[in-house]
Structures are given as C-alpha cells and as structure tokens.
Amino acid sequence: MISGRRVGHAWVAVVTVCVAVVASLGLAQPATAAPSWPVIGNGSSGSDVTSAQYLLRSHGHDISADGAFGPATESATVAFQRSRGFAADGIIGAQTWPGLIVTVREGDSGDAVAAAQTALNKHGYGLAVDGQFGPATASAATSFQSANGLAVDGIVGPQTWQSLLGSGGGGGGGGYSLPIPRDTLSRGYYQAPHHDYPALDLPVGTGTPVYAVRSGVANQINNDRCGLGYQVAGDDGATYYYCHFSAHGVGSGARVDAGTQLGSSGNTGNSTGPHLHLEIVAGGVNRCPQPALLAVYDGATPPAPGDLPTSGCIE
C-alpha cells in the first residue's frame, strides 16, 4: 500500500516533468504582447493626440488639449524631445511616449490625470475629464487592466499607458464610449424607450460632457429641431446624431475618436427640459441605440449598427 504522501509527491514529480516538456517543446502559453505605441505628428487628431497634449502640459508646455496636432503641439514636442535628449523630430512615437507618460494613481490631480482619463474614455469608460483621479477613474483603470491581462492595481503606469494608447479607439478599430460620464446615470436609463421613434433620451443637466460613441467625422448641427448638436459620420458606416447641446466643443469636419468630448448637454431646439438626445441611423433607418449602449455600459462588444433593431424601443 502506498501512502497518500508518497502519491502526492509522485504527482508533483509528474506535473513538474510535464511542465518541463511543454516548455521545451515551445508549447507553453505566451504572454500577451503589448501593443505598439501609436505614432502621431503634425496633422494627426483624436484622443491619442489629446492625451499627448495633456501630458505635454504636465511637463510645462502651455498648449491647448484640443485633439488636433498642429504647429503648437509640434513645437512643444520638439522642445520636450530636446530636453530629454531624444531625436527632435516633432513626432511622438515609441521613443517619446515612454518619456512623456506620467504614472498616476488615486488621489493625484492635474493634466497627467486628464491624459489618463482621456485615454480610458477611448475604451468606453465615459469619465469626466476633470484631472481628478477619484474612485470613478480608479474603477475604470482596474476594469481596463483586468480586461487586458495587466496587473490590477488601479495605477496608470507604463504598461497600462502603453495598452491604453496602443489599442482601441479611432479608425473603426473597435472603440466605443458611453455618450456621457459613466457615473452620471445608472444602467436603467440606457434601456428607457423613446417616445415616438427609435432613439434615446438621457435626462442630464445642462453642461454635462457629451462624448462621441464611435469614431468618425463630426459636423455641427444648429436648427430648430435638434438645437445645437452634431452629426457624426461613423467609421463603422452608421450616422450618429446628438442634440440639444448648450455648447459645441469641436468644429465641423473634425475627426473624433470614441470618447472625444463633442460638447456640453443642454436644452436647445425642440426640447422640454435639459437632456441628451441620441440617434443611430444605419442602412437608411433609425436603429434602437439601447442595445448598443447597454453593451458598452456592461463592458461587452455592442452589436454592429446594422444589426440593431428598428423597433421595440418606443413607448
């Protein structure tokens, strides 16, 4: 009769040998490779540019964080590169990003935090870009880290920065965002029916940041029905309408990424009170936004716009 202890040792030996054999054959699971740093320069636009501008501001360069990489951002980049002994080419790529990023954590504040919030919003977290690293930003950071196989510590350090900036976001690459900061409304509001055709009304106060749900080209709206708003021709082939703003935030013809702030909510146009009106048009018809935004809220992949229903979301 063999003792339980001897059996246990035998199994340990077998497992150890198997692991060694698997490793020797190259069959062990490889670690997930980090995405490449994005390359941005004069003429680039979108959330990666906005994050870079906030980071340049955190290093003392007085530029606007407007998401458009123009001459001022290029000059600031060259000055930063020279200060660090980098090649001063005005392009932010694999050499410059590691020196530009700033590790931030809960309790921190300032432009580097705003950069991290902007990068998280590219992945759908709908944070207020206020430069305050509070519980909502910490929760978004840990959620992103968990979803991407990173160490889950809530700290936006080098590995998290590289994953945030190097994946997702614009260009039709799969990035989605909630249209307002996540902590503004609970999940139930995203499944509320609209009153007479497929759309969604979110009851938020005047001045609430409004974000692009998907990347594309934004054009301003200003008419009696919609009031101030935007029509965004999405890179996914759908058209997104946002209405009743109190103020525009980006110019017509601007490229926006998911999570780019379009403007601020309000009560303009045909509106009975402050709210955000959102429509998704695909295949020439209005689609119910509810399933898409519920998926974003839950951290799941939304249906393609053309697969969204055309009924079932009306009172």
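What share of the contacts in the protein chain with a separation of 6 or more comes from residues 24 or more positions apart? The figure is 59%. Keep in mind that this is a predicted model.

Start with the whole chain. It has 315 residues, and 46% of them count as buried. Its secondary structure comprises eight helices and nine strands. The accessible surface is about 14,300 Å². Carbon and sulfur atoms own 52% of that surface.

Now look for the cross-links. There are two disulfides in the structure. A disulfide is a covalent bond between the sulfur atoms of two cysteines. Number the bonded cysteines in sequence order and the pairing reads 1-2, 3-4.

Take the pair Cys226 and Cys243. Their sulfur atoms sit 2.0 Å apart. The angle about the S-S bond is -105°, and the link is left-handed. Where do the two cysteines lie? Cys226 is in the loop between β3 (216–223) and β4 (227–234), while Cys243 belongs to strand β5 (residues 239–248), so the bond ties together parts 17 residues apart in sequence. Both Cys226 and Cys243 are buried.

The other disulfide joins Cys288 to Cys313, with an S to S distance of 2.0 Å. This link is left-handed too, at -80° about the S-S bond. Cys288 lies in the loop between β9 (285–287) and α8 (290–298), and Cys313 lies in the segment after α8, so this pair ties together parts that are 25 residues apart in sequence. Are these cysteines buried or exposed? Cys288 has 1% relative accessibility and counts as buried. Cys313 has a relative accessible area of 5%, and it is buried as well. The cut-off for buried is under 20%.

Go back to the loop that holds Cys226. The strands on either side of that loop, β3 and β4, pair with each other. The pairing is antiparallel and runs over eight bridges. One of the paired positions is Asn222, whose bridge partner in β4 is Leu228. The connection from β3 to β4 is a hairpin of three residues. β3 has another partner, strand β6 (residues 254–256). That pairing is also antiparallel, over three bridges. Here Gly216 stands opposite Val256 in β6.

Stay in this part of the chain for one backbone detail. Most residues other than glycine have a negative phi. What is the phi of His244? It is positive, about 75°, although His244 is not a glycine. His244 lies in strand β5, the strand that also carries Cys243. With a relative accessible area of 4%, His244 is buried.

Next, follow the chain to α8. Cys288 lies in the loop before this helix, and Cys313 in the segment after it. How many of the nine residues of α8 are buried? Seven are, and the helix is mostly covered. The buried residues are Gln290, Ala292, Leu293, Leu294, Ala295, Val296 and Tyr297. Which elements do they pack against? They pack against β1 (200–202) and β8 (276–282). Just after α8 comes Gly299, with a positive phi of about 80°.

Finally, turn to the helices earlier in the sequence. Helix α2 (residues 47–58) and helix α5 (residues 111–121) have axes that come within 7 Å. The axes cross at roughly 170°. Angles over 145 degrees count as roughly antiparallel, and α2 and α5 are therefore roughly antiparallel to each other. Which residues meet here? From α2 come Ser47, Thr50, Ser51, Tyr54, Leu55, Arg57 and Ser58. From α5 come Asp111, Ala112, Ala114, Ala115, Thr118 and Ala119. An α-helix has 3.6 residues a turn, so residues three or four places apart point the same way.

One more residue is worth finding. Thr73 is in helix α3 (residues 71–84). Thr73 has a relative accessible area of 4% and is buried. Leaving out residues up to four places away in sequence, Thr73 touches Gln53, Leu56, Ile63 and Ala68.

Methods:
Residues are numbered from 1 along each chain as its sequence is written. This is a predicted model: local features need pLDDT of at least 70, side-chain atom pairs count only at pLDDT 80 or more; totals for chains, interfaces and linings use all residues. Side-chain values use heavy atoms; hydrogens and water are left out. Helices (H or I, at least four residues) and strands (E, at least two) are DSSP runs, numbered from the N terminus. Buried means under 20% relative accessible area, exposed over 50%, partly exposed in between (1.4 Å probe, protein chains only). Contact means heavy atoms within 4.5 Å. Accessible areas come from the Shrake-Rupley method with a 1.4 Å probe; for residues, only the protein chains shown count as cover. A disulfide is a pair of cysteine sulfur atoms within 2.5 Å. Two strands pair if DSSP finds at least two bridges between them. Axes are lines fitted to C-alpha atoms, for helices over the stretch in contact, and angles run from 0 to 180 degrees between N-to-C directions. Angles under 35 degrees count as roughly parallel, over 145 as roughly antiparallel, 65 to 115 as roughly perpendicular and the rest as oblique.
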